[in-house]
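Open the model in your viewer and keep the selection panel handy. We will go stop by stop, picking residues and looking at what surrounds them.

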Amino acid sequence: MKAIIRDFSDIADFVTIYIREAHPVEGWQVFGHRFEDMKDHQTLEDRVEAATLLRDFDLKCPILIDPMDNQNGLQYAAVPERLYILYDHTVMYFGAVGQANYKPGAVRSWLNCFRNEG
């Protein structure tokens, strides 16, 4: 995603929304990933603290925090992760749910088409 943000920042705004932790130590864990000791967030402060770890990825876009009612995660069916393109208040692209379906190449293709049409 860093390359996509870099390559298309002239035509698109990017944000990352940190949603509830998909693999907390109290739930279904995935061992060997970067945040395997992450606890389930009990407060918004917990979630904000966890989201600060995303700074290490240096994404060059704002990191927003989903409220504790998980409104964004629920509205966009984003657990554990999902890519979207919104244009003029309309969802133009939505990737399938989950890590196996996380396809930045599809986002790149859509943005290339958009750039070439404009």
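Helices and strands on this tour are DSSP runs, numbered from the N terminus, with at least four residues for a helix and at least two for a strand. One thing to keep in mind throughout: this is a predicted model.

**Stop 1: strand β1 and a surface patch**

Select residues 16-18, which make up strand β1, and pick out Ile 17 there. Ile 17 is partly exposed, at a relative accessible area of 33%. Now add Val 15 and Leu 64 to the selection: together with Ile 17 they form a nonpolar patch on the surface, with about 230 Å² of accessible area in total.

**Stop 2: helix α2**

Next, select residues 44-51 to bring up helix α2, where Leu 44 sits. Leu 44 is partly exposed, with a relative accessible area of 38%. Which residues does Leu 44 touch, once neighbours within four places in sequence are left aside? Its contacts are Ile 65, Asp 66, Pro 67 and Met 68. Try a distance label on the last of these: the C-alpha atoms of Leu 44 and Met 68 are 6.0 Å apart, although the two residues are 24 places apart in sequence.

Stay on α2 and colour Arg 47, Ala 50 and Ala 51, which are buried. Turn the view to look down the axis of α2: the buried residues fall within an arc of 100°, so they line one face of the helix. As background, an α-helix has 3.6 residues a turn, so residues three or four places apart point the same way. What do the buried residues of α2 pack against? Show β1 and β2 (63-65), and you have the packing partners. On the face turned away from the buried side, look for the exposed residues Glu 45 and Glu 49.

**Stop 3: helix α3**

Select residues 71-75 for helix α3 and centre on Asn 72. Is Asn 72 buried or exposed? Asn 72 is buried, because its relative accessible area of 19% falls under the 20% limit. Beyond its neighbours within four places in sequence, Asn 72 is in contact with Ile 17 from the first stop, as well as Asp 66, Pro 67 and Ala 77.

**Stop 4: the largest nonpolar core**

Finally, select Ile 4, Ile 5, Phe 8, Ala 12, Phe 14, Leu 59, Cys 61, Leu 83, Ile 85, Tyr 93, Val 107 and Leu 111: these twelve residues are the largest nonpolar core. Helices α1 (2-8) and α4 (104-117) each supply at least two of its residues, and α1 gives the most, with three. End by zooming in on Phe 8: leaving aside neighbours within four places in sequence, its contacts are Phe 14, Arg 108, Leu 111, Asn 112 and Arg 115.

How values were computed. Residues numbered from 1 in each chain as written. Predicted model: local features only at pLDDT ≥ 70, side-chain atom pairs only at ≥ 80, totals over all residues. Heavy atoms only, no water. Patch = residues over 30% accessible without salt bridge, like charges linked within 9 Å, V, L, I, M, F, W, Y side chains within 5 Å. Areas by Shrake-Rupley, 256 points an atom, 1.4 Å probe, with all protein chains shown as cover. Salt bridge = Lys/Arg side-chain N within 4 Å of Asp/Glu carboxyl O. Buried < 20%, exposed > 50% of the residue type's maximum accessible area, 1.4 Å probe, protein only. Contact = heavy atoms within 4.5 Å. Arc of directions from axis to C-beta. Core = buried A, V, L, I, M, F, W, Y, C linked by side-chain atoms within 4.5 Å.
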